[in-house]
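Biologist: I would like to learn how to read side-chain contacts and enclosed spaces in a model, one feature at a time. Could we begin with burial and charged pairs?

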Amino acid sequence: MLGTTVEWYDFFLYGVAAAIVLPAVFFPAADPVAGTLLSFGTFAIGFVARPVGGLVFGHYGDKIGRKKLLVLSLLMMGIATFAIGLLPGYNTIGVAAPVLLVVLRLVQGFALGGEWGGAVLIVSEHGEASRRGFWASWPQAGAPAGQLLANGLLALLAVFQSEETFQAWGWRIPFLLSAVLVLIGLYVRLSVEESPVFRAAQARAAEREAADTAAGIKTTMPIVDVFRRYPREVFTAMGARFAENVSYYIFTIVISTYMKERFGLPSSFVLGAVLIGAAFHVVTIPMWGAVSDRIGRKPVYLFGAVGVGAWAFVFFALLDTRNFALAAVAVVVGLFFHGAMYGPQAAFLSELFGTRVRYSGVSIGYQLASVAAGGLAPIISVALLAAFGTGYAIACYVAASSLLTILAVATYRETRGRDLAADDGETADPSSAASTEA
């Protein structure tokens, strides 16, 4: 959880900055709306790099272990974030500024693409199946914890600095402070043992490969096995991610642009509301993970998907009041429903794939959805707001995403209690052509 908090702190810090700071620093030649779109474009580029990171980290994570790749992803994320804090603006080095920003954002996305799968698997593959939903939800809680740190520092700076000072250099401080958090995260990750389930699977894989080599059979890469044996599971993971990913970035990132562009409210207004929501989110994610251990992954996940789809309309109605307390309620309730998806998600996706390809499978399904869902959510939302002039257009977008997630989760069987140490063929859904009943 601590390592994941550091990585998401770095990633979300960029997301918040993309809404309130980066347009003026790196795209000053554009008009305000175009500058925001360009800034969110660099935000989306990070998502494009995530599937590539998921493929690379997933492949080697299934080959050499979860722990080594987690350490590497943390280092890459920390270096890129620290470098963004030092990067000169457009007025200093011209077009090189946004170009370098894009490069560093690609590194962030690549690192985060490999982060999630390794973090949740090293927890999911420890301990008993009866409490997997609860324990695997703790790395998930690292996301709002990172958001809490990022928004908290930005909100603190926005309160104690003038808008001009914050725009000039104050925003760089949280990026530079990430170096301290990375050192803490590295200490924790270097002390964690490798997953026992993976170690056992690695020994079996070595025996199989030796036998295949002796028989002249060519060993396939984990990524090939994922699409050959688990196509249904990959698409289920992607569909399950859609509403969760879209709603999260609407509730925590797009809200900044909405309140600033539509009502001209200061950064501290939105940062404070999201800060309160993130604090509640850290608590509710493990709660929902524990509930999924009792009643199953599907009912909890579907409750969350239906909830965010309906709440999105109330969310924008409350924001339109321009009342801080109501805005905070809007974020808190939205993230309450989101947590019902995000809490059991780690266990649910881990239970879709066999150990030998699990890192590749969860990373591919999770990160491919991130491109179409979270990566495009800010851009689509800003475009909808510009076209229709109302937040209800964005709410319709969230509702449509919810329908997709409901369809994906409702049509897959319950996964609670699956044995993650079972052979690959015993973990796939029986509706898949290549799977068998456990």
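Modeller: Burial is read from relative accessible area, taken with a 1.4 Å probe on protein chains only, where under 20% is buried, over 50% is exposed and anything in between is partly exposed. In this structure, both Arg132 and Glu351 are buried. Please keep in mind that this is a predicted model, in which local features need pLDDT of at least 70 and side-chain atom pairs count only at pLDDT 80 or more, while totals for chains, interfaces and linings use all residues. Residues are numbered from 1 along each chain as its sequence is written, and side-chain values use heavy atoms, with hydrogens and water left out.

Biologist: How many salt bridges are there, and how far apart are the closest N and O atoms of Arg132 and Glu351?

Modeller: A salt bridge requires a side-chain nitrogen of Lys or Arg within 4 Å of a carboxyl oxygen of Asp or Glu, and by that criterion the structure has seven. In the bridge between Arg132 and Glu351, the closest N and O atoms are 2.8 Å apart. Arg132 belongs to helix 7 and Glu351 to the loop between helix 15 and helix 16 (358–375), so this pair ties together parts that are 219 residues apart in sequence. The helices here are DSSP runs (H or I, at least four residues), numbered from the N terminus.

Biologist: Which other charged residue meets Glu351 in a salt bridge, and is that partner buried or exposed?

Modeller: Arg297 does, with an N to O distance of 2.8 Å. This contact also links distant parts of the chain, since Arg297 is in helix 14 and Glu351 in the loop between helix 15 and helix 16, 54 residues apart. Arg297 is buried, at a relative accessible area of 0%, and Glu351 likewise counts as buried, at 0%. Bridges with shared partners join Arg132, Asp293, Arg297 and Glu351 into one network.

Biologist: What are the exposure values of Asp320 and Arg262, which I believe form another bridge?

Modeller: They do form one, their closest N and O atoms being 3.7 Å apart. Asp320 sits in the loop between helix 14 (297–319) and helix 15, whereas Arg262 sits in helix 12, so the pair ties together parts that are 58 residues apart in sequence. Asp320 is partly exposed at 22%, and Arg262 is partly exposed at 36%.

Biologist: How should I read aromatic contacts, and how many aromatic pairs are there?

Modeller: A pair of aromatic rings is described by the distance of the centres and the angle of the planes. Rings of Phe, Tyr and Trp (its six-membered ring) pair if their centres lie within 6.5 Å, and planes under 30 degrees apart are stacked, over 60 edge-to-face, and the rest tilted. The count by this rule is 18 aromatic pairs. Phe134 and Trp135 have ring centres 4.9 Å apart and planes at 65°, so they are edge-to-face. Phe134 is buried at 18%, while Trp135 is partly exposed at 40%. Trp171 and Phe175, with centres 5.6 Å apart and planes at 85°, are therefore edge-to-face as well, and both are buried. Ring pairs also link Phe251, Tyr258, Phe263, Phe315 and Phe316 into a cluster.

Biologist: Turning to empty space, what is the volume of the largest pocket, and which residues lie closest to its centre?

Modeller: On a 1 Å grid over the protein atoms alone, a cavity is a set of points where a 1.4 Å probe fits but cannot get out, a pocket is an open set with protein on both sides within 12 Å along at least five of seven lines, and lining residues have an atom within 4 Å of a point. Grid points are joined across faces, edges and corners, and a volume is the space filled by probe spheres set on them. The largest pocket holds about 320 Å³, and of its 17 lining residues the closest to the centre are Met1, Ala119, Ile122, Val123 and Val192. Helix 1 (2–20), helix 4 (66–86), helix 6 (96–124), helix 7 (132–160) and helix 9 (172–190) are the elements that give two or more residues to that lining.

Biologist: How many cavities of 30 Å³ or more are there, and which helix gives the most to the lining of the largest cavity?

Modeller: There are two. The largest cavity has about 70 Å³ of space and 13 lining residues, with Trp8, Phe12, Glu244, Tyr248 and Tyr342 nearest its centre. Helix 12 gives the most to this lining, with five residues. The second largest cavity, of about 40 Å³, is lined by Ile20, Ser256, Lys260, Leu265, Pro266, Ser267 and Val270.
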